[in-house]
Amino acid sequence: MPSPTDPAERLEAFGTQLIDVHFWLREELSKLRDSLEGNTRRPRELRAHCLTFCSALERHHTGEDDTAFPALAEEFPDLRPVLEKLQQDHHLVADILRRIEALAGDAGIEPGEAEVQRVSRELDGLAAIMESHFAFEERQITAALNALKAPGWTESPPDFLKT
């Protein structure tokens, strides 16, 4: 889908852009999970993939917490309970990301199957939480994001809309 060039059209697309970012994050997590299969001989790749993905997801959630959610809460006060729930999810995801980063960082020169399995289990849990979180978020705030008046975002997209 081509990007709208008219600022008014772009404003209407923020919710759609959020869905696109979620799709990209789902794909990246899937690639990371796939890369673990038989990955007992490539610890640097494992660490690099984990850290890159974890950083992207953290940047997305921090951007939502710092930019999108305050703007939505101001313009749509009825969404505040939803936004609080989403922020709670972000804290839960952040805890999982810290565990994944620690496990990936602790992987030895040639990580054993047990180490790879621990990372894999954490990623499986993260995938389940992310899917539930993204689906809930998309149902609850996409329309509000599409209606949000945020002229500064047209010139410089906030972090939560970047891949």
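The expected span of a helix is 1.5 Å times one less than its number of residues. In this predicted model, helix 2 covers residues 14-36 and has 23 residues, so a span of 33 Å is expected; its end C-alpha atoms are 33 Å apart, which agrees.

## Helix 2 and the nonpolar cores

The buried positions of helix 2 begin with Phe14, Gly15, Gln17 and Leu18, continue through Val21, His22, Leu25 and Leu29, and end with Leu32, Ser35 and Leu36.

Two members of that list, Leu25 and Leu29, recur in the largest nonpolar core, which has 22 residues. Together with Phe53, Leu57, Leu123, Leu126 and Met130, Leu25 and Leu29 touch the most other members of this core. At least two core residues come from each of helix 2, helix 3 (43-75), helix 4 (80-106) and helix 5 (113-147). Helix 5 gives the largest share of this core, with seven residues.

Leu25 offers a view of the surroundings inside this core. When neighbours within four places in sequence are left aside, Leu25 is in contact with Phe53, Ala56, Leu57, His60, Met130 and Phe134. There is also a second, separate core of 18 residues, with Ala68, Leu86, Ala144 and Leu148 among them.

## Salt bridges

Side chains of opposite charge can pair when their charged atoms come close. The structure holds eight salt bridges, and the table lists three examples.

| Acidic residue | Basic residue | Closest N to O distance |
|---|---|---|
| Glu138 | Arg26 | 3.4 Å |
| Glu122 | Arg99 | 3.0 Å |
| Asp159 | Lys162 | 3.4 Å |

Consider first the salt bridge of Glu138 with Arg26. This pair links distant parts of the chain, with Glu138 in helix 5 and Arg26 in helix 2, 112 residues apart. Are these two partners buried or partly exposed? Glu138 counts as buried because its relative accessibility is 18%, and the limit for that class is under 20%. Arg26, with a relative accessible area of 24%, is partly exposed.

Asp159 and Lys162 meet through their side chains in a salt bridge. Asp159 is partly exposed at a relative accessible area of 35%, and Lys162 is partly exposed, also with a value of 35%. Elsewhere, salt bridges that share partners join Arg26, Glu131 and Glu138 into one network.

## The surroundings of Glu122

Glu122 forms a salt bridge with Arg99. Glu122 lies in helix 5 and Arg99 in helix 4, so this pair ties together parts that are 23 residues apart in sequence. A polar contact of 3.0 Å also joins the side chains of Glu122 and Arg99. Arg99 counts as partly exposed, at 41% relative accessibility.

Which residues beyond four places in sequence are in contact with Glu122? They are Ile96, Arg99, Ile100 and Leu103. For Leu103, the separation from Glu122 is 19 residues in sequence and 9.3 Å in space, taken from C-alpha to C-alpha.

## Aromatic pairs

Two aromatic pairs are found in a search of the whole structure. In one of them, the ring centres of Phe14 and Trp153 are 5.0 Å apart and the planes stand at 70°, so the pair is edge-to-face. Phe14 belongs to helix 2 and Trp153 to helix 6 (residues 151-155), so the pair ties together parts that are 139 residues apart in sequence. Phe14 counts as buried, with 0% relative accessibility, and Trp153 counts as buried at 10%.

Trp153 also pairs with Phe160: their ring centres are 5.4 Å apart and their planes are at 75°, so this pair too is edge-to-face. The edge-to-face class requires planes over 60 degrees apart. Phe160 counts as buried, at 0% relative accessibility. Through these ring pairs, Phe14, Trp153 and Phe160 are linked into a cluster.

Terms used
Residues are numbered from 1 along each chain as its sequence is written. This is a predicted model: local features need pLDDT of at least 70, side-chain atom pairs count only at pLDDT 80 or more; totals for chains, interfaces and linings use all residues. Side-chain values use heavy atoms; hydrogens and water are left out. Helices (H or I, at least four residues) and strands (E, at least two) are DSSP runs, numbered from the N terminus. Buried means under 20% relative accessible area, exposed over 50%, partly exposed in between (1.4 Å probe, protein chains only). A nonpolar core is a set of buried Ala, Val, Leu, Ile, Met, Phe, Trp, Tyr and Cys residues joined through side-chain atoms within 4.5 Å. Contact means heavy atoms within 4.5 Å. A salt bridge is a side-chain nitrogen of Lys or Arg within 4 Å of a carboxyl oxygen of Asp or Glu. Rings of Phe, Tyr and Trp (its six-membered ring) pair if their centres lie within 6.5 Å; planes under 30 degrees apart count as stacked, over 60 as edge-to-face and the rest as tilted. A polar contact is a pair of N or O atoms within 3.5 Å; within protein, one must be able to donate a hydrogen and the other to accept it, and residues adjacent in sequence count only if both atoms are side-chain atoms.
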